[in-house]
Amino acid sequence: MSNYTTGELAKLAGVTVRTVQYYDSRGILIPSDFSEGGRRLYTERDLQKLKVICYLRGLGLGLNQVAEILEAENAQKVIGLLLEEQKKTLEREVAERREQLDMIADLQREMQSIAEFSIENLSDVAYIMENKKKLRKVYSVILGIGLVLDGLEIGAFIYALMSGNWWPLAGVLVLMLIVLFPIIRYYHKYTVYICPECHEVFKPKMGEFFWSKHTPKTRNLTCPNCGKKSFCVETYGESIGEISLEKEEE
């Protein structure tokens with residue numbers, strides 16, 4: 001049966017001598033024997049155990065978790081549970097990194113559209129990026145309702161053409177008019193605008209909001225702070241007081 005010194009064991013496992021000594025001090029990899037001169041000696045079984053430790057550490061498991069696995073009678077079940085938990089942790093980390101990369105890409109695109117760089121502009125862009133997910137949910141609700149109404153309208157129109165009965169189509173059109181105002185109120189409730197001139201965050205009155213010209217990301221509004229009318233950037237927001245406080249904290 002082969003016996004290995006600390007150096008030989010470390011070389012075969014691809015780790016440093018200090019790592020083997022550290023695992024020994026933690027009670028995870030205790031030598032099977034000692035030489036007459038007091039040198040630590042490890043067996044082939046110890047080598048395989050060290051490789052398992054290195055493999056588990058490579059998966060990101062902590063030493064305490066590794067020790068639990070090695071000491072457990074039902075090691076297979078323990079390692080299965082720990083690996084599943086580690087998998088979930090890594091998946092969350094990957095998702096967070098992807099989200100951060102998306103935010104960086106969005107920020108880079110927004111910065112390219114800024115003619116003159118300033119701290120105020122960067123603050124506006126950062127605030128918009130932070131609220132992008134919330135605004136996307138608002139858009140999703142509106143789009144979902146719109147698709148349902150469009151489906152009803154198309155279905156009623158086809159039915160009218162085939163049957164000659166136009167009353168269902170008229171009913172759908174009336175329904176669309178009834179639903180339109182609550183949708184606009186919902187849209188107005190959860191959106192605010194940032195003035196490109198003075199960087200004020202404000203919520204326009206319903207009338208101005210409804211009749212103003214707009215693009216997918218902006219709306220032509222008069223800023224209540226500086227009085228200038230321009231295309232203001234749309235972002236998520238319900239309470240102006242809370243928004244102003246958040247901007248000050250940034």
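Visitor: What makes Tyr4 and Tyr42 in strand 3 a pair worth pointing at?
Guide: Tyr4 stands opposite Tyr42 in strand 3. This is a predicted model, where local features need pLDDT of at least 70, side-chain atom pairs count only at pLDDT 80 or more, and totals for chains, interfaces and linings use all residues. Residues are numbered from 1 along each chain as its sequence is written, and side-chain values use heavy atoms, without hydrogens and water.

Visitor: How do you know that strand 1 and strand 3 pair?
Guide: Pairing takes at least two bridges found by DSSP, and strands are DSSP runs of E, at least two residues, numbered from the N terminus. Two bridges join strand 1 to strand 3 (residues 40-43), and they run antiparallel.

Visitor: Why are strand 1 and strand 2 said to stand at the edges?
Guide: The open sheet has the order 1-3-2. Strand 1 (3-4) and strand 2 (33-34) each have a single partner strand, so one side of each lacks a neighbour in the sheet.

Visitor: What makes strand 6 largely enclosed?
Guide: Buried means under 20% relative accessible area, exposed over 50%, partly exposed in between (1.4 Å probe, protein chains only). Four of the five residues of strand 6 (residues 218-222) are buried, so the rest of the structure largely encloses that strand.

Visitor: Which residues show that both faces of strand 4 are covered?
Guide: Thr191 and Tyr193 on one side, Val192 and Ile194 on the other: all are buried.

Visitor: How do you know that strand 4 pairs with strand 7?
Guide: Four bridges link them, in the antiparallel sense, and Ile194 stands opposite Val233 in strand 7.
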